[in-house]
Every structure is written in C-alpha cells, then in structure tokens.
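Reader: Got a minute to walk through this one with me? I'd like to go site by site.
Author: Sure. Let's put it on screen.

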Amino acid sequence: MDGFDIHDERFRHLVLPNAPLVKLGEGFAWLEGPVWFADQDCLLVSDLPSDRILRWSEGGGVSVFRQPSGFANGHTRDRQGRLIGCSHRDRCITRTELDGSVTALADRFHGKRLNAPNDVVCRSDGTLWFSDPHYGINTDYEGGKQTPELPPALYRLDPRDGSLRVVADDFAGPNGLCFSPDERRLYVAESGRQFAADPAQHIRVFDVLDDGRRLSEGRVFHRIEPGFADGLRCDESGNIWSSAADGVHCVAPDGTLLGRIKVPFTVANLTFGGRNRARLFICASHTLYAIYTNTRGAERP
Ligand code: MG
C-alpha cells in the first residue's frame, strides 16, 4: 500500500489503499487549526503567521475567510455550531457569533493574562477545554513577542457562566487535544520541549472525572517519533490520529501504533470532515492535503 506504513493489521481496515493524498492548496506560511463546517460544506483553517483564516470548499478552492485573524491558531465549533478559536495576539479564546461579530470568552485567569491559547475542543456539555502554552508569544512570528504571566496549563471554560478553571498544570507545553468518543478520556499532546536536548514527544491521557469537571493524573499514552504530536483527533472507534514529522500516525486506544499516512511535510494539525466525516484534512506545514479514509471522525463536525 503506497503512501501508508502498516504497523498493525488493524490499520488496513481504517484506510483505503487506492485513496490518494490530494493537495488542496500550497504556498501558505504555516497551517493550523482546521475545522469542518458540514452545514456549509467547507473547511476553515488558520494560516497562522499570515494572520488569516482561510476557507476551502470543493467548488471554490481556497479563499480568505478573515484577515487579520488575531493570529488565530486552533479551532472547534460549540454545540450551537459557532466557531470557537484561539488567538495568539489577543491571548484569548474567541467565539464568532452568528452575525459574524467576535466575542472574547476568556482572556485572563485570576487577573493575569492568558499566554497564547493554542488549541481548543468542545465537550458535549458545552464546556470548552483549551491548552495555553507559552510558545505562541515567544517570537514575533506567530503573533508578537510578549511576556508570559501564567505557567503553561490546560483549562476548562464554561461559557454559560464564564467560569475558568485549571484542569492540569504539570505541562512544559500542552498543545493539541481531543476527547475519546465517550468523553471519558482526554488526550493531550505535549510538545513544549521540542527544542530541548530531551524533547517531550508524547501524547498524554487523562481520565475525565466528576461529571466532566476534573481530570485524573495524566500518564504517558504514546510517544511520537519522528517529530512530536501537535494537533490530534479521534475517529468513531476511538483511534487517535496524530500529527507527526513524517505524516499522520494512527494509534489504537491501547497506545499501539497502527500505521502512518505518509505526508511529504511536517504535519501540524488535522481534522475529519467531508461527507460522513470520512475525509481527513491535513495541515502539512505550507500545504493543505486531504485523503479519504475508511473510518469517520468522532467529533461532531
Ligand atoms: Mg497546536
């Protein structure tokens, strides 16, 4: 099967041997934060250093959805279908209302500014869970060099009352995250020390406790090699599809590497979308790809 590495026979049932990796666009600065809008049959994706959000559709190709974007990074949709995003420049979580206006949902914790929210997911109860590492404000490239006021952490935001709480704070740099389909687990990529001699390249897993209000202690779930995990998504069977330096890695819920989709450039993030959520959209550095799979994304698109 050209284009794939099979590490476990289970992977053969998750991919389509004849499905090509299709290039949807290229020449971007750095792609991140893809989110599928099934009701509009389109993908939104951040071109982070270019301070813009792009829109892709099958008929329309790539166009600019919003510029400036506040150096938008990760995206998701809330239970009402509204776009939820992470802004590096404004150091906040945003919600795009149905009239197009943008609301800052959270920008401070105990009076101190958030660092640079990186990625965000919505739980079925409407709460928003996001990572807040330092690296988005470490350079001018992705939003502007600024001084961190808070340690890296993982937060739970309840937009109904605005309450914000830390759910994990023992990270060097939390990055992408996703819930298992039953929402009893939360997977979090740890990539904060990727430039250090002993880089963190793993995905951690937490048990979701207390009816979705707390997390257990995290444990190492899977180590990514080569590169490190950034964005990740679960399919409907609970397999984790993670970004890596050589493509997309598929990892079973027991932590076994099942296989890889080979991609020519470092992958930063990905999401399921398209008809039946069976198409994987891949942010590969400067290039946007898509490939049809034989599974479906777990997330409500
Ligand atoms: Mg990220």
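**A buried histidine and what surrounds it**

Reader: Which side chain does the side chain of His249 make a polar contact with?
Author: Arg260. The two side chains make a polar contact at 3.5 Å. Keep in mind that this is a predicted model.

Reader: Where is the place of His249?
Author: In strand E24, residues 247-251.

Reader: Buried or exposed?
Author: His249 is buried, because its relative accessible area is 1% and the cut-off for buried is under 20%.

Reader: Which residues is His249 in contact with, leaving aside neighbours within four places in sequence?
Author: One group is Ile224, Glu225 and Pro226. Then come Ile240, Trp241, Ser242 and Ala244. Leu257, Gly259 and Arg260 complete the list. So Arg260 is a contact of His249 as well as its polar partner.

Reader: On to the core. Which residues of the largest nonpolar core touch the most other members?
Author: Phe11, Trp241, Val248, Ile261, Leu280 and Ile282. That core has 20 residues.

Reader: Which elements give two or more residues to it?
Author: E24, strand E25 (257-262), E26, E27 and E28. The largest share comes from E27, with 3 residues.

Reader: Take Ile261. What is it in contact with, beyond four places in sequence?
Author: Gly3, Phe4 and Phe11, for a start. Also Trp241, Asp246, Gly247 and Val248. Leu280 and Ile291 are on the list too.

Reader: What other core lies apart from the largest one?
Author: One of 16 residues. Cys86, Leu114, Leu128 and Leu150 are among them.

Reader: Back to strands. What is the order of the sheet with E26, E27 and E28?
Author: E2-E28-E27-E26. It is an open sheet of 4 strands with antiparallel pairing. Strand E2 (22-26) and strand E26 (269-273) are the edges, each pairing on one side only. On average, neighbouring strands are turned by 20° against each other, direction ignored.

Reader: How many bridges join E27 to E28?
Author: 6. E27 covers residues 279-284 and E28 covers residues 287-292. In one of the pairs, Cys283 has Leu288 in E28 as its bridge partner.

Reader: What about the open sheet that has E13 in it?
Author: That one has 4 strands in the order E13-E14-E15-E16, again with antiparallel pairing.

Reader: Why is one side of E13 and of E16 left without a neighbour?
Author: Strand E13 (120-122) and strand E16 (163-168) stand at the edges, and each has a single partner strand, so one side of each has no neighbour in the sheet. The average turn between neighbouring strands here is 25°, direction ignored.

Reader: And how many bridges between E14 and E15?
Author: 5 bridges join E14 (residues 128-132) to E15 (residues 153-158). Ser131 has Leu154 in E15 as its bridge partner.

Reader: Last topic, the metal. Which residues are the protein donors of the magnesium ion?
Author: Asn118 through OD1, Asn175 through OD1 and Asp230 through OD. They lie 2.2 to 2.3 Å from the ion. The spacing in sequence is N-x56-N-x54-D.

Reader: Where do Asn175 and Asp230 lie?
Author: Asn175 is in strand E17 (residues 174-179). Asp230 is in the loop between strand E21 (219-223) and strand E22 (232-234). So the pair ties together parts 55 residues apart in sequence.

Reader: Is Asn175 buried or exposed?
Author: Buried, with a relative accessible area of 2%. Asp230 also counts as buried, at 8% relative accessibility.

Definitions and conventions. Residues numbered from 1 in each chain as written. Predicted model: local features only at pLDDT ≥ 70, side-chain atom pairs only at ≥ 80, totals over all residues. Heavy atoms only, no water. Pairing = 2+ DSSP bridges. Axes fitted to C-alpha atoms, helices over the stretch in contact; angles between N-to-C directions. Buried < 20%, exposed > 50% of the residue type's maximum accessible area, 1.4 Å probe, protein only. Polar contact = N/O pair within 3.5 Å; in protein donor to acceptor, adjacent residues only side chain to side chain. Contact = heavy atoms within 4.5 Å. Core = buried A, V, L, I, M, F, W, Y, C linked by side-chain atoms within 4.5 Å. Donors = N, O, S within 2.8 Å, 3.2 Å for Na, K, Ca; no water.
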